[in-house]
Each structure stands twice: as structure tokens, then as C-alpha cells.
Amino acid sequence: MENILEETRFIMKKYNIKANKNLGQNFLIDDNVIDRILEGARLSETDRIIEVGPGIGTLTREMGKVAENVVAIEIDKTLIPILKET
């Protein structure tokens with residue numbers, strides 16, 4: 001896993017985005033938190049996941065490395081191009 005904080009800063013600067021507090025957005029920037037989430041989820045290659053509010057896709061990408069399928073649902077249309085890239 002790359003350094004999530006640096007990657008998130010790069011993507012936010014590249015796309016000139018900020019977390020939309022009206023939507024309750026917070027972007028994961030701590031590798032340890034992501035690791036704990038993945039450990040707690042105990043994913044397997046047969047899992048099919050629906051993620052609501054993937055943001056820029058940080059956790060989505062990591063889940064996709066293990067699970068059979070990850071479907072991400074994002075209501076902030078400004079994040080869709082970023083999700084397609086990441």
C-alpha cells in the first residue's frame with residue numbers, strides 16, 4: 001500500500017477538491033486505520049461488497065485487491081472522475 005496521506009493530498013490538489021462537510025465527507029488518510037478496517041472485515045476472494053460513499057476510492061481499491069467484486073456508490077458527482085481513475 002502506498003502512503004495514503006501523500007496520495008490523498010496529491011489527488012485532492014490535482015482535482016482541486018475539498019471534503020464537502022455538508023455531505024459529511026472525510027477522506028481516509030491513515031494507513032493504520034485502513035489496515036484495521038480490512039482486518040476487521042476479514043474479506044475473502046468470494047466476497048461481494050457494496051461501499052456507500054467511497055470518496056476518492058482509497059478503501060475501495062484495497063478491498064478490490066481481495067474481494068471478488070466491489071460496487072461503490074457515490075452521490076458526489078465531482079468524485080466520479082477520480083473514482084474512475086483510482
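Good morning. A residue counts as buried when its relative accessible area is under 20%. With that cut-off in mind, I turn to the structure above, which is a predicted model.

I begin with Thr 60, a residue of helix H3. Is Thr 60 buried or exposed? Its relative accessible area is 14%, and therefore Thr 60 is buried. Setting aside the neighbours within four places in sequence, Thr 60 is in contact with Glu 51, Pro 54, Val 70 and Ala 72.

Let me now place helix H3 among its surroundings. Together with strands S1 and S2, helix H3 makes a right-handed β-α-β unit. The two strands run parallel and are joined by five bridges; strand S2 covers residues 69–73. Within this pairing, Ile 49 stands opposite Val 70 of S2.

Strand S1 deserves a closer look. In a regular strand, side chains alternate between the two faces of the sheet. Along S1, Ile 49 and Glu 51 point to one face and are buried. Arg 48, Ile 50 and Val 52 point to the other face and are not buried.

Finally, I come to the largest pocket, which holds about 260 Å³ of space. Which residues are closest to its centre? Of the 19 that line this pocket, they are Asn 26, Gly 53, Pro 54, Gly 55 and Glu 74. Strand S1, residues 48–52, and helix H3, residues 58–64, are the elements that each give two or more residues to the lining. By character, the lining divides into 10 nonpolar, seven polar and two charged residues.

Thank you for your attention.

Key:
Residues numbered from 1 in each chain as written. Predicted model: local features only at pLDDT ≥ 70, side-chain atom pairs only at ≥ 80, totals over all residues. Heavy atoms only, no water. 1 Å grid on protein atoms, 1.4 Å probe; cavity = no way out; pocket = protein on both sides within 12 Å on 5 of 7 lines; lining within 4 Å. Points joined across faces, edges and corners; volume = space filled by probe spheres on them. Helix = DSSP H or I, 4+ residues; strand = E, 2+ residues; numbered from the N terminus. Nonpolar A, V, L, I, M, F, W, Y, C, P; charged D, E, K, R; others polar. Buried < 20%, exposed > 50% of the residue type's maximum accessible area, 1.4 Å probe, protein only. Contact = heavy atoms within 4.5 Å. Pairing = 2+ DSSP bridges. Right-handed = clockwise from strand over helix to strand, strands pointing away.
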